[in-house]
Amino acid sequence: MEPIPKLNLMGQPRIFSVLLVTVFIAVCVGLLYQRLAAIYVRPSALPKTAVKTPPPREDALLFEQALAAGLLRLQADGRIAVAPADLPLRRAYAGLHPDLVVPRAAECDWVDGVWDERVSRLHRVLHFNAAGRYVRRQVDAYNARQLLAAIRWRAVPGIEGVWQADWAGAPLTLTGTMPASLDRLLAEQTTDWQPWRRVARWPAWEGRSPVHFQLVWPQPASGGEQLELIVVGEMTLVSGGRLIESESRCLQDASCAESDAVARWLRLELAAGATGLEVSVLPLPADTAPGFLPYGSGRIRREGERLIWRERQAALPEESGWRMWAVTSKD
Amino acid sequence: MVIPPLAVKAKSLIRWIALDGRWGLFALWFLPVLGILWTAGGSPNWLELRLLRVTLAPGQALTLGRDTLQAPQADSEQLLLRRDMTGSWLLRNLSAGSPVWWRPAYEAQSRPIRQWPLTAGTSFTVGAHTVAVLAAEKNRLILRQGGWLWQYNGWHLQRDDRFLPECRQGWRDRLRGWLATVGLSLGLTRRPLRLGGGVYCADRLGLVDIPIDTAEIQPTGMGFSLRLGGAGQPDGPPVTVATGTAAAVPLWRHSVPLTAGDGLAVGRTQYRVLEAGSALLLAPVARVQRHLVGVQLPALPPTVSVAWGGPAWLWPAEPWVSMQRFGWMVALLFGVVGLCYWRRLVLRASERIAIGLALGSLCLGLYVQVLVVPILWPYLITWPALLVWLHTVRSRWSLGLLAVLALLLGGGLMALLQLGAGVEESGWHRYGSSAAALAGAFGWLSWAGWHGRRYWLPPPGWLTERRFSWILGGLCAGSLGLLVTQVVVGDEGGWAGWQPFEFSQLVLVAAAARALTLRGRSPVHGWSYQRAVPWLHYLGPLGLLGAVCSFIFLFLRDFSPFMLLLFWGLALIWAYLRVHPLPLWRWFGQIAVISLACAFVWGLAWLQTRPETLSLDFQMDRIRVWAAPEQYPHAGYQLRRALEAIRAGGWTGTVWSEPANGRAMAVPVVESDFAPAFFLNRYGGLAGLILAGLQAMLVALLILIADRALGRDWPGGYRPGMFGGFAYFTLCSGAALLGAHFLISWGTNLGFLPVMGQPMSLLSAAGSHLVLFVLPIIALAVAAEEKNHDTDSH
């Protein structure tokens, strides 16, 4: 074969190159112009979908699939448990190194469920994707509505403090928002009271241990001061003051039978030298009073034993049921 | 010696600056200068915190929040500052989500406030689990928990003398383990021990009913420290330190003492403690909140007073502190200016080398201290580098290329300056400043290298085929080493702030160009098994390509680099076929490549209508989002925000009417992948069309220069290292990859491609891409063209 010693760029006239470059630049600019013009004229930022039958939104789909796969489970106390982030590792270790799996205590037995490539992918999305983060946040919000414990008090001169709460040793976050139904119920008696302090977020633990509300004030009480409290939940214990009077409160009437009570009004007398008060309350589950805990702007709701993801935030009557209390300087 | 009058000096200076009468070229160079000055001059009148003074009596405490600290990432109640009865200042972080880092004076490393050093004989609890510390020394920690004895050496956990297996049995951990066994741990023999979760393994100590990463034990220089983990929550399982003693305290409420000289970081805002006596003085160092002049400033507690000032555009806020920090830079700059004045800009080669090295190192210094240098310094040092290069080059093609570069780079720097100038946090300036400083460092150092080439270039004849192969082999090995280092030490975002992948692209381009050049020199063309065909030489780039693809697939798990390489591969095949000596190969080959590209475009359009037909798991989410973005409000969040910003900008942009950036800042990664959305929002669609035209011109110029380099090939003595076929293929590859970057970036921002994750060259803040890929390719084009010019002249 005759050797051909070099690459061969065919001699092109310069005008041809100039023409090609001009066309290239014009095409690039023209394509961008077309795209930008389409974006500027269409009615919304996102283009109309080219897919003929659009699937459900990614978060709704993920929620449904995670429920079906057992990665989200409805618990006995009404809350939803989320599969732990290290579930793939737990499953792998259950087969390879069973002696290196931490013994299970109160939580669900996650290892026993079905596990395949699809569930593994769902688990990954649930824990490490934006849609998964959103679904877990919605689960948190739903869980926060499944238990209720709150306290409110009428301050007396010389006793000033801030309520704190813990649950099985974990400090809890308190908020001033309350369901309007409850707020209306107790409004007449509490017009000059301090704002509500309600547990805003519940740790994802099982079991129904009492919440400890604590009030601490800097100067010791001189003795004989009387404090009035309203406690939402099933009261179990008061320490730091002597209980003088107590009444049950229900949703329907100001006073009611003990079994129907959702709250309790207390009058306490402080001992001389007391610098704090602790009230222990069992949180109320949501099924104690249906409709009592509203869905708010959350996506998840429960219908019977089914959990449903609401595609759109349809205006529900309950959504107006929350009222934000102004937090005073004492709070 | 005759001293020229001032007018003569001024005339010669003006003539030099005006590129010896080429006013058009000078205007192109000067246009970005005007743009940058206009951006700085037109920026909103911001007020920034200069000094924060807190006065407390012993025993008093004060809560500081976002408004007082002027820290954008801080919570409304972020810090609890108190003085104990001895007058010492103590600091506690109140926030659940926003971390606070503390660097004690005379220490180099920062640490979270919620950190507790482990010492032998102490214990701590996580939830209901008590962990006793039996020994805590460097690389040796012994704990007792759950009836077992746990030993941790900073890398591997043992339970009762039994080494536990690696938690994840992935290839990355196996690679790390193997490197550690052969003594190449790259400093990676230390990792935190994570507490919580459901298993016991090499770096996890599981605890019943405790979520994983509730707390972690971090190896430190002296021993080990307990920290809150990523899943630690204030209302989660409590973590209490020093249990069983009077000093027991939840880690969430752990306090640290403050003394003069300490450093603090609240979110991303940094402070230095100037004084911690009767009053506490905090001076912000970087990334503080800004307020418009005339807008009501936030109310402060009576015990807090603040001093305000404007942004440091040209002069440092604290002259004395700055003189200590930047003194050497100022001295270097004055030295360079003095030398130029003394020599009346007629410089010897050695002086040019010295100036290039001095200003290059100055730019690197600016890059290192980019958060604290005055905003305009990097721009002012960098832009003259382009002017001296315009003076240096002689070919018209080089001048044209550098002029287009000036417009593109200048436009990009102007946009990045606007990004920092129009936002309510001072830290955004770092993107533009670091890009300018890196470009300046490359420009000045390459200028020094150009004038010093007689000293460092090997003599003619030294660069033989064999030596060139060895050099390329070394570069391939180096780039692979960097990729492995990123896998082992870094993460998907890079390693130590750099992206080794960009360097690998450059080496891949060079290796492929070398192989194709050899193929071009082969006496046999077309498909052949003859021995004369240098098949073995093709294995190098193919091997590197395989390694790079594996890196992308296994580590980055990103689709966009594949798109880059696909585009590059097609372009390279086209570049080879269009110069093929056999007409059959030339014409049919080109037609085949163009048909393939058209088929690819058609396939994409088809896929958009039927995303479900592709059953691949890899990147399916991205494809689904691209096909139906309204169904993916979370995965498609970036695109939706970008399109909203682009629509808000319209054809003319918002920069003319709104000095502040406004809603454009809501676009995620607006400084990098979504910089085009920012550009279109602020400067409008018309400016975007000009930008696209300039980008197309840059790509076209690179291809034309590549053609010219090939046309000058084989004048007699073959120089494989620099010119001819090698330059042709390298420049074609570079142009293809640049074009692919432009295309993918426009596609990401406008939503017409199912990929994401690539910056737009010369517009986005992407230092590695700029100095490890874009500028070297342009430098090679200039070098090739200057060589052509020399050949013409001779």
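Which residue in E17(B) is the bridge partner of B:Leu193? Keep that in mind; we'll get there after a look at the whole chain. One thing before you start clicking: this is a predicted model.

**Chain B from afar**

Select chain B and zoom out until all of it fits. Its C-alpha atoms fill a box of roughly 90 × 75 × 55 Å along the principal axes. A compact globule of 794 residues would have a radius of gyration near 28 Å, and the 30 Å of chain B agrees with that. Switch to a cartoon and you'll be looking at 20 helices and 26 strands. Buried residues account for 43% of the chain's 794 residues. Among contacts between residues at least 6 apart in sequence, 64% link residues at least 24 apart.

Now colour chain B by domain. These are the selections, according to the domain assignment:

- domain 1: 1–43 + 334–457
- domain 2: 47–113 + 254–310
- domain 3: 131–245
- domain 4: 458–793

Try a distance between the centres of domain 2 and domain 3 of chain B: over C-alpha atoms, 32 Å separate them.

**A six-strand sheet**

Time for that opening question. Find the open sheet of chain B whose six strands run in the order E7-E18-E17-E14-E16-E15, with mixed pairing. At its edges are E7 (115–117) and E15 (200–201) of chain B, each paired on one side only. Next, select 193–195 and 215–219 in chain B: these are E14 and E17, antiparallel strands joined by three bridges. Click on B:Leu193 and look across to E17(B), where its bridge partner is B:Ile217.

**Two residues with positive phi**

Select B:Asp161. You'll land in the loop between strands E12 (157–159) and E13 (162–163) of chain B. Phi is positive here, about 70°, although B:Asp161 is not a glycine. Is this residue buried or exposed? B:Asp161 has 7 other C-beta atoms within 10 Å, so it counts as exposed.

For another case, jump to B:Val669, in the loop between helix H17 (637–649) and helix H18 (675–711) of chain B. B:Val669 isn't a glycine either, and its phi is near 40°, again a positive value. Its surroundings hold 16 C-beta neighbours inside 10 Å, so B:Val669 is classed as partly exposed.

**Into the largest core**

Stay with H18(B) for a moment and look inward. The largest nonpolar core has 155 residues, and B:Leu731 and B:Cys732 touch the most other members. H18(B) is the top contributor to this core, giving 22 residues. Why does the core lie between domain 1 and domain 4 of chain B? Both domains give residues to it, so it sits between them.

Now centre the view on B:Leu731 and show its contacts. Leaving out neighbours within four places in sequence, these include B:Leu702, B:Ile705, B:Ala706 and B:Ala709. Also on the list are B:Ile777, B:Leu780, B:Ala781 and B:Ala784. Apart from this core lies another, of 38 residues; to find it, select A:Met178, A:Trp196, A:Trp202 and A:Leu215, which are among its members.

**A hairpin and a glycine**

Back in chain B, select 269–276 and 279–286. These strands, E23 and E24, are joined into a hairpin through two residues. Their pairing is antiparallel over six bridges, and B:Tyr271 has B:Pro284 as its bridge partner in E24(B). E24(B) also pairs with E1 (46–55) of chain B, antiparallel through four bridges. There, B:Thr55 is partnered with B:Ala279.

Step back along the chain to B:Gly267, in the loop between E22 (263–266) and E23 of chain B. B:Gly267 has 20 other C-beta atoms within 10 Å, so this one is buried. Beyond residues up to four places away in sequence, B:Gly267 touches B:Ala71, B:Pro72, B:Gln73, B:Ala74 and B:Ser98. For a long-range check, pick B:Glu137 too: 130 residues apart along the chain, the two C-alpha atoms are separated by 31 Å.

**Last stop: chain A**

Colour chain A by pLDDT. The mean is 77, with 76% of the residues reaching 70 or more. Residues 1–6 of chain A fall below 50, and this stretch has seven contacts beyond near neighbours in sequence. Residues 313–331 of chain A are below 50 as well, with 34 such contacts in the model. Where pLDDT is low, predicted coordinates shouldn't be read in detail.

Key: Residues numbered from 1 in each chain as written. Chains lettered and ligands numbered in written order. Predicted model: local features only at pLDDT ≥ 70, side-chain atom pairs only at ≥ 80, totals over all residues. Domains from an automatic or database assignment. Pairing = 2+ DSSP bridges. Rg over C-alpha atoms; globule rule 2.2 N^0.38 Å. Buried ≥ 20, exposed ≤ 12 C-beta atoms within 10 Å, placed from the backbone. Contact = placed C-beta atoms within 7 Å. Core = buried A, V, L, I, M, F, W, Y, C linked by C-beta atoms within 7 Å. pLDDT = per-residue confidence, 0-100.
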